[in-house]
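Please open the model in a viewer and keep the selection panel at hand. The stops below are arranged by pocket and by strand.

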Amino acid sequence: MSLDELTQLDDESRKKIDDAVYAQAATGFQYRFDAYRLSDEIEAGRATLPHLMALYAFLNSDSFLKFIADVTGDARGRYCDAQVTRYRPGHFLTTHTDAHEEKHRLFAYVLNLSGDWRSDWGGLLQFIAPDGHISEAYTPVRNALNLFKVPQAHAVSFVAPFAAKNRLSVTGWVRMKPDART
């Protein structure tokens, strides 16, 4: 649902959606955050924001893909997709692994854009151990790049109602072409 559609809903309709989102989050995968799917917009020829188009071009440049190969030791990455995300108070992303066989994902990344973020505001990138405990968590720090292998269990913690700003980032996956598996 687009943000415009959501804001046009009456309180009762919005509450029904909230209840359904939270019910699903209690038992399985669910998320609530705002996203601009940059890759989809560029591939469809609808992207009009020059700074985001330049960022997408950089993420798919030979130099960035070589950087990823140097850091990870895996040179199969051929392109990165991207979405711009905004987590507002009440937003979250439940535990998942990013595994998707048809997408050929090698690594996930989060390029953090939020400055002066406090860990008690939530919105932490959390890595989940096999026993269900949090093995590591990262507070969003402006210009920090979190890069991790797919599949790996992770989540973004609930952003507290008292968070003084939004958690902003560019996220996506370093992917390989189907013929680059070897």
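The tour begins with conventions and then proceeds from helix to pockets to sheets.

The model is predicted, so local features need pLDDT of at least 70 and side-chain atom pairs count only at pLDDT 80 or more, while totals for chains, interfaces and linings use all residues. Residues are numbered from 1 along each chain as its sequence is written, and side-chain values use heavy atoms, with hydrogens and water left out.

**Stop 1: helix α2**

Select residues 11-27, which form α2. Helices (H or I, at least four residues) and strands (E, at least two) are DSSP runs, numbered from the N terminus. The 17 residues of α2 reach 25 Å from the first C-alpha to the last, close to the 24 Å expected at 1.5 Å a residue; the expected span is 1.5 Å times one less than the number of residues. Now add D10 and E12: at the start of α2, a side-chain oxygen of D10 comes to within 3.2 Å of the backbone nitrogen of E12.

**Stop 2: the largest pocket**

Select M1, L3, F33, D34 and A35, which lie nearest the centre of the largest pocket among its 24 lining residues. A pocket here is an open set of points on a 1 Å grid over the protein atoms alone, where a 1.4 Å probe fits, with protein on both sides within 12 Å along at least five of seven lines; lining residues have an atom within 4 Å of a point. The volume is about 830 Å³, taken as the space filled by probe spheres set on the points, which are joined across faces, edges and corners.

Extend the selection to α1 (3-7), α2, β1 (31-32), β2 (34-36) and β4 (83-87), each of which supplies at least two lining residues. The largest share, four residues, comes from α2. The lining comprises 13 nonpolar, four polar and seven charged residues. In this classification Ala, Val, Leu, Ile, Met, Phe, Trp, Tyr, Cys and Pro are nonpolar, Asp, Glu, Lys and Arg are charged, and the others, Gly among them, are polar.

**Stop 3: the second largest pocket**

Move to Q83, L93, H96, D98 and W173, which lie nearest the centre of the second largest pocket, lined by 23 residues. Its volume is about 400 Å³. Which strand gives the most to this lining? Strand β11 does, with five residues. By class, the lining divides into 12 nonpolar, seven polar and four charged residues.

**Stop 4: β4 and its partners**

Select β4 and show its side chains: Q83, T85 and Y87 form a covered face, and V84 and R86 an uncovered one. β4 runs antiparallel to β2, joined by three bridges, and antiparallel to β11, joined by five; strands pair if DSSP finds at least two bridges between them. V84 is the bridge partner of Y36 and also of V170 in β11.

**Stop 5: β9 against β6**

Select residues 145-149, strand β9, where N146 and F148 point to one face and are buried, whereas L145, L147 and K149 point to the other and are not. Buried means under 20% relative accessible area, with a 1.4 Å probe and protein chains only. β9 pairs with β6 in the antiparallel sense over five bridges, and L145 in β9 stands opposite L111.

**Stop 6: the open sheet**

Finally, display β1-β5-β10-β7-β8, the order of five strands in an open sheet with antiparallel pairing. The edge strands, β1 and β8 (134-138), each pair on one side only. At the β1 edge, two bridges link β1 to β5, and R32 stands opposite F92 in β5.

Notes:
Buried < 20%, exposed > 50% of the residue type's maximum accessible area, 1.4 Å probe, protein only. Polar contact = N/O pair within 3.5 Å; in protein donor to acceptor, adjacent residues only side chain to side chain.
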